[in-house]
Each structure stands twice: as C-alpha cells, then as structure tokens.
2 protein chains.
Amino acid sequence: MATKIEIITIGDEILQGQIVDTNSAWMAQQLLQFHLSVVQITTIADRQEAIVEAFEQAQTRAEVVLVTGGLGPTKDDITKKTAAEYFGTSLVRDQKVLEHVRSIFSKRNREMPAINEMQADVFSDGEVLFNAVGTAPGLWFKHKDVVFIFMPGVPFEMKYIMSEHVLPRLSERTSTGFIENRYILTAGVGESHLATSIADIEAELPEHIRLAYLPKLGIVRLRLTGTGSDASVLNKELEEFAQRIKTRVDDAFVSFGNVEMESALLSQMASRKLTLATAESCTGGNIAARITSVPGSGDVYKGSIISYANEIKMNLLSVSETDLAAYGPVSEPVVKAMAIGARTALNVDYAVATSGLAGPDGGTEDLPVGTIWIAVASPKGVLARLFHFHNDRAINIERATTNSLLLLWEVVRDQNSTV
Amino acid sequence: MATKIEIITIGDEILQGQIVDTNSAWMAQQLLQFHLSVVQITTIADRQEAIVEAFEQAQTRAEVVLVTGGLGPTKDDITKKTAAEYFGTSLVRDQKVLEHVRSIFSKRNREMPAINEMQADVFSDGEVLFNAVGTAPGLWFKHKDVVFIFMPGVPFEMKYIMSEHVLPRLSERTSTGFIENRYILTAGVGESHLATSIADIEAELPEHIRLAYLPKLGIVRLRLTGTGSDASVLNKELEEFAQRIKTRVDDAFVSFGNVEMESALLSQMASRKLTLATAESCTGGNIAARITSVPGSGDVYKGSIISYANEIKMNLLSVSETDLAAYGPVSEPVVKAMAIGARTALNVDYAVATSGLAGPDGGTEDLPVGTIWIAVASPKGVLARLFHFHNDRAINIERATTNSLLLLWEVVRDQNSTV
C-alpha cells in the first residue's frame, strides 16, 4: 500500500560509534507525514562490497532507497563510483554543479582545492538534485524500477535536499490507502501497568489499528496506527479509541499529539499565563536546553541560574552559607532554597531546581553517585523529591532532567484550578 | 581478522523517527575497544517477516549478531517468539528470571501485571544473561556457528548486559591481529583544505593505515586506523603519522585523542587553572549542557546565567536598558555587555555569551532568523563575532553552541602564553 522505503547510511563513523545516526530519524519522521513508510535502515561501511550487497538487498525490499553519506571530497568516499558500476552507468562532470561548487568557495574567499572537482561528478543518465547549501549534489537514479536517491550525510545539506527535492517528488507517488497515527503522551505510570489498565480497550482494536507502547524514562507514549481506504472513517475510529484511552489513564494523561513532554508542559503553562525559570546544579543547563528547544518557549520561560559553584548558589540564589555548610549542596534544604531563590531572583511563578551528584566521581558511602534532589517552587510553596540513579553521568543528567519536568508537570497539574 | 559483528535493532519507533538510535553508537564504541568491528547496523520493524529476513542475511555476514529491542512485556513485541521459530527451538519459562521480575515489582511496592510473566520466557537450549537492572533478561543463542545475543532496547539495561556479560565474553574471542586508532581533533579549517594541506602525508600512508575525515560543523576529526600483527610497531607508525599531521595543520590542531571539543577545551583551561562561565540567550543552556557533560567540568566551569528575558539581562548581567533599547538584544553591544556582565557576576577568567534569533519565528528583514552574536570576555577584553545561520531552530542552537566553543578556544589559545 504505502511506498516502501529503505534508508542506507554509508560511513565508518557510525559503525565505529563516532557519531549517532540522527539523519535517519529525521528522514523517517518527514516521510511518515507523506504516508511513506520506512521498512529498514541499514548502516554500512564505505567499502565497495558492502555498498553493492546493501544495494542488492534493498532492491528486493524497497521501491525507494535513500542513500546518505559517502559524497564528500576526500579519499574515503567511494559511494558514487561504486553506485555507477552497480547501475551499469558512468560518471560525468556536471558543469553547472562545478560552477556552483566553485562559487561556494569564492563566496568564502577561499580557493577551491582540486579534489572538490570530483563533487561535480554525476551519473550520466541520472538526475541532479541541486544542493544550494553545500558542495555535494543530490542524485536521483532509477535502477530496475527502484529509485535510488543519494544525498550528503551532513545533516543540514541532507535536510535541504530532502525538503526541496525528495519529499515533494515522493509525495506524488499516490498511495491507494491512508496511514494515520494518534499519539497519547502519558507520564508517571509504567508500561506494564498502563498496558494492564487498558487491556480491554486494546483487545477491542480492529485488525487495521495497532497500538504501540513507546516508553522512555518516566514517560510512555502510546501510538495508535491505523490503515484504511477512507481517511475520515479511519480518523473517527482513531479519535474514539484515543479518547477512551485518555479517560482510562486519567491522571497519567499529559497530552494528545506527537509532542515532547516539555512542549506539552509549556503549552499548558502558556495557556494559563504562567512563567517559569530554573536553577540547575547537577543538570548543568540540560533542563533549560530541553525547554528552550521548543519554539516560542520564551513566552513562558524566562531563564536560569546555573550554579555549579557554591558561591553562585549563595550570591545569586540566596542559599545560606549555614545551610550549605550544615547539609551540603546535595540536600533537601539547599535544593529548596535554590528553587525559592530562582523564583525570586528571576521573578517567575514556578521555578525548578536540581542538585546532585551526576558522577562518575565524587560519590561517598553516604552520598553515592546518582543521588539527586529536585525541587519545584510555586505560588503555593516548595516541594522537593529525592532520586537515586546509577553511575553513568549522561544518563543521570538525562533522568534528572526528565524527572524535573515530570515533577513540575505534577505540581502545575495539581494546582490547575487554584492558581 | 577481527570478529565481524552485526547489530540488529528492532522497533517501529526508530523506523518512524520517534527515537534516535543511540544504542548502536554506544555498542560500536565499546566493541571497538575490544577490537571487535561492527560491519553493519540494521534497523527493522517488529514484524515476523522482517525479523526472519534480517536474521538470515546477518547470518551470512557476521559471526556475532547483537539484537536489541523487542523484549518488552506489551503486545507489540514479538522478537523472542520469532527467534525461537527461526532457531528451531522453543521458549520455556525460567523460574529464576521470573523470581527476579517479581522482586523488581515488589521492591517498588507494585503488583506485577500478568503480562510481565512472559518476560521470563527464554530459549530452552540457550543461555540467560541476567539483567539486574530491569525485567527483560538478555539471551545468548548459537545458531549454525553464529552467536545471536538478545538485549532489551532500554539504553541502561542494554548497557548493563553489554558490560556485565557480552563484552567480557566477546573479548575472549582472540583475534589474530590488532586494530588501532589515532584521532586528531582540528577546528576552524574545512575538510577540503585540510585534505589538500596534508595530501602528501596521506599519499605516503601504507596500505594497512587508512585516514578518515569526520567533519562536523567547524570541527574536523581525523582518524588514522591501522591494522597489523605487532601492536607496538603499529602504534609507533600511527604515532609518527599523527605527529606529522599535527605539525602540518598547525593552528588548527586542538587535541589528540577521541575527545569532544568541550573536553579538550576544559583540559587546556584546567591545566592553566582558568575558570569559565556562560551567559546564554538564544542557546538557552546548550553551551552549559555541553560543557557540564564532561566529568570534572566543575573544576573550570562555575555556572551560567541564562537570560531569555531582557529583564534578566539587565538585573543579573548588568546590561544597560539604554543599550537594549538602542540596539536591541541581538546586537554587538548587548552580547559584549552580557559576556562582561557574566565574567563579573560569576567571578571567572573567561565568559562566553550568546544572543540571537534561533527561530523559526521572530525574524525581520533587518534581523532574519539565524542571526546570532557570540562574545567572549577575557582578562584582555571582549571579542564578539556575528554569525548568520538558517531556519531550523535545533540546528541554529547547535551551530551557535559549537561556534561559541570554537571562539572561546581561539581566544584561550591566542592568550596561551600571556594570561
């Protein structure tokens, strides 16, 4: 029904764990909006045999193959040559592309190294997808009824070519049916308990509607995916099931829609004209970064005081030296004072504070790595909660960040009718 | 030579772009340390046909197949059943695992839903890899000389099973040769120019040493990968080439080692006992988050004032109301005042400030989205630089963050001998 798409990512840097493949997730999201479904993502080395094998296997699975990476000017990139051989075609130098590559260098007042000329090599009987934002052009080639599309691996160049060329063309491939998704964001209840509480609703789902659980720390996103030939009938069915699930999960319901926790929270606060600030110690700016990743967050969020050093806790957040000495920075009195201090200093309705040991070093028997205090100051007072995580610094910071948003959401929700 | 490993990730949530696959990068990094090389990463849907096809193809490519995901308790997970059929084995309920799953629920004072019992189902003739940190056990099964290892997709559970069980066992697979890497982190010079400037060194590399360019915004990481039977000879060769490249790239050299820019920068500042703070507007805590992701960053980094709101720029960073009114918050005078204000308020040697329009909304003809000022205040004064990025909020924030670190690095480097 829906066009089957495979993504092939070429590059040793992903196989060696140098970089995380964020391109594929972005592409998949975009394709989904046009009802194009990704059936497989394959990451391989930039070696001839691996590329040929991946192309052969993708040819049997997919109707469209999106290839990213391996188009750079340096010697470790062999994608185009290998693809030309596999397709039984040749590479020719495209003068328009060459001019463009030259112009990019001259705009930056730099001489073009000779190796960049190769970037203008394209398939002699394929099409060029112009890359206005970089030197490597996109390429479109049909091989035995399967379309192969080549794009550079640099994220913003890939995104440009996808948005300008690939998505508009692929969206024309009329599908005979519809795929629709409904998302229900929940918080504070585990996957198993959610599943148990909605088991009867799930059992009633017809064949053409699937339910998936997408858990992530304290959050579980539920996704209903339906297929059908009549979009309005399908949407009505999905809507009904989504509403029934919402009612059943009750307090755990955060929001409909495929949105992040921080985005749902900011919408709720914005609609009630509430303002927010943070005072971060162990999370080191991560809560602020998550919040400000949301466009328009400035309507609610005013700022943060990141107080890694104790003197900043005292000077800017008015934490008392006595408390710091008596209880230490990782303690209930200090985290509460930080939240109250931020609420006052930054002049907001709600303030969230964190203080803990993210690790990997600095733990003691009494205060092991992973001990993290989180507080929320609100017009009604201040609430603090203690968390015990484990040894990995990045995970501790991420969990503390998510739990800060969850605690804030709880407080805001519970004060819903009264503030 | 090295054991060939394939990673198979099962889950619609990756194919639909719901989550980014960070597990694979982590696994690949760990495996590399034990000279185990990942030849392919394959992401597929949790559907029977897709799982069987991926297993069949991996069987021809790899000696070890690491499978993550698809072990949760809810109905959308069918990995174990499909694998048992493919292997020609059966599933049995493991009492020890069942006890463990029960104990996890009882520790949290929650009743165990009946569906969690299935998590204790294991291959009747396979091995169980005990999962102390979660309910889904790891599984080890040898099928026609290929080892299949199953792990939950939840990152910290996967990491636990990898670290406790999988890596120790896989590292015993003696390889007859060595793979060694050398990394050279460079900044401020593009990939093509770097390649041109070291072309003669690259041409001299012997067959068994490969050079890869790993570009990422203003940073290019060079990686020399060598293989050989004598580790000390190989290391000596790699060391020589790395040193020659360092000398050649001159000012663009940041650091040896597979480290992030922020980590290299903090080491340099720590060794000179310098302190650092930030004042972030448009980057909204991202610089702070990048810096504090580094363990021990507190030795250098004291904190930040995130001033999304103008009143915070005035009250806490001493930006003058006159300047804000005359030039607007996104301007050279204001960003410089923010950097100077942070340096004073947070009492540090160096302070970085950002002010700009991350987008997607709020741009004007004179001040389009993507206009971002960055300033660095140091003991020798304050320096500001203007950047023009494009429309995507996340990318603008990331580029501004990286360029802030680069500008700071330049200033610190150039004041090297004098502060």
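Of the 419 residues that make up chain A, 56% count as buried, where buried means under 20% relative accessible area, exposed over 50% and partly exposed in between, using a 1.4 Å probe and protein chains only. This is a predicted model, in which local features need pLDDT of at least 70, side-chain atom pairs count only at pLDDT 80 or more, and totals for chains, interfaces and linings use all residues. Residues are numbered from 1 along each chain as its sequence is written, chains are lettered from A and ligands numbered from 1 in the order in which they are written, and side-chain values use heavy atoms, with hydrogens and water left out.

The C-alpha trace of chain A spans about 75 × 60 × 40 Å along its principal axes. Chain A has 15 helices and 17 strands; these are DSSP runs numbered from the N terminus, with helices being H or I of at least four residues and strands being E of at least two. Contacts (heavy atoms within 4.5 Å) reach well along the sequence: of those in chain A with a separation of 6 or more, 68% come from residues 24 or more positions apart. The domain assignment splits chain A into domain 1 (4–170), domain 2 (178–256) and domain 3 (261–414), with bounds that come from an automatic or database domain assignment. Between the C-alpha centres of domain 1 and domain 3 of chain A there are 43 Å.

In domain 1, so to speak, there is Val147(A), which sits in strand S8 (residues 146–151) of chain A and is buried at 4% relative accessibility. Its C-alpha atom is 39 Å from that of Glu191(A), 44 residues away along the chain. Further along, strand S10 (residues 209–216) of chain A and strand S11 (residues 219–228) of chain A run antiparallel and are joined by eight bridges; strands count as paired if DSSP finds at least two bridges between them. Leu214(A) stands opposite Arg221(A) of S11(A). The two strands, S10(A) and S11(A), form a hairpin with two residues between them, and Leu217(A) in the turn has a positive phi of about 50°.

Next come the two chains together. A turn of 180° and a shift of 0.0 Å along the axis lay chain B on chain A with an RMSD of 0.1 Å, the copies being superposed by least squares on the C-alpha atoms of residues with pLDDT of at least 70 in both. That is the relation of a two-fold axis. The same surface serves both copies, as 100% of the contact residues of chain B recur in chain A.

An open sheet of ten strands with mixed pairing takes in both chains, in the order S17(A)-S16(A)-S15(A)-S13(A)-S14(A)-S14(B)-S13(B)-S15(B)-S16(B)-S17(B). At its edges stand strand S17 (381–388) of chain A and strand S17 (381–388) of chain B, each with a single partner strand, so one side of each lacks a neighbour in the sheet. On average, neighbouring strands of this sheet are turned by 15° against each other, direction ignored. Within chain B, strands S13 (residues 276–280) and S15 (residues 350–356) pair in the parallel sense over five bridges, and Glu280(B) stands opposite Thr354(B) in S15(B). Helix H15 (residues 393–414) of chain B packs on the sheet, touching S13, S15, S16 (371–378) and S17 of chain B, and its direction makes about 30° with that of S16(B); axes are lines fitted to C-alpha atoms, for helices over the stretch in contact, and angles run from 0 to 180 degrees between N-to-C directions.

In chain A, Gln415(A) lies in the segment after helix H15 (393–414) and is buried, with a relative accessible area of 8%. Leaving out residues up to four places away in sequence, Gln415(A) touches Arg272(A), Tyr350(A), Ser378(A), Pro379(A) and Lys380(A). With Tyr350(A) there is also a side chain to side chain polar contact from Gln415(A), at 2.7 Å; a polar contact is a pair of N or O atoms within 3.5 Å, where within protein one must be able to donate a hydrogen and the other to accept it, and residues adjacent in sequence count only if both atoms are side-chain atoms.
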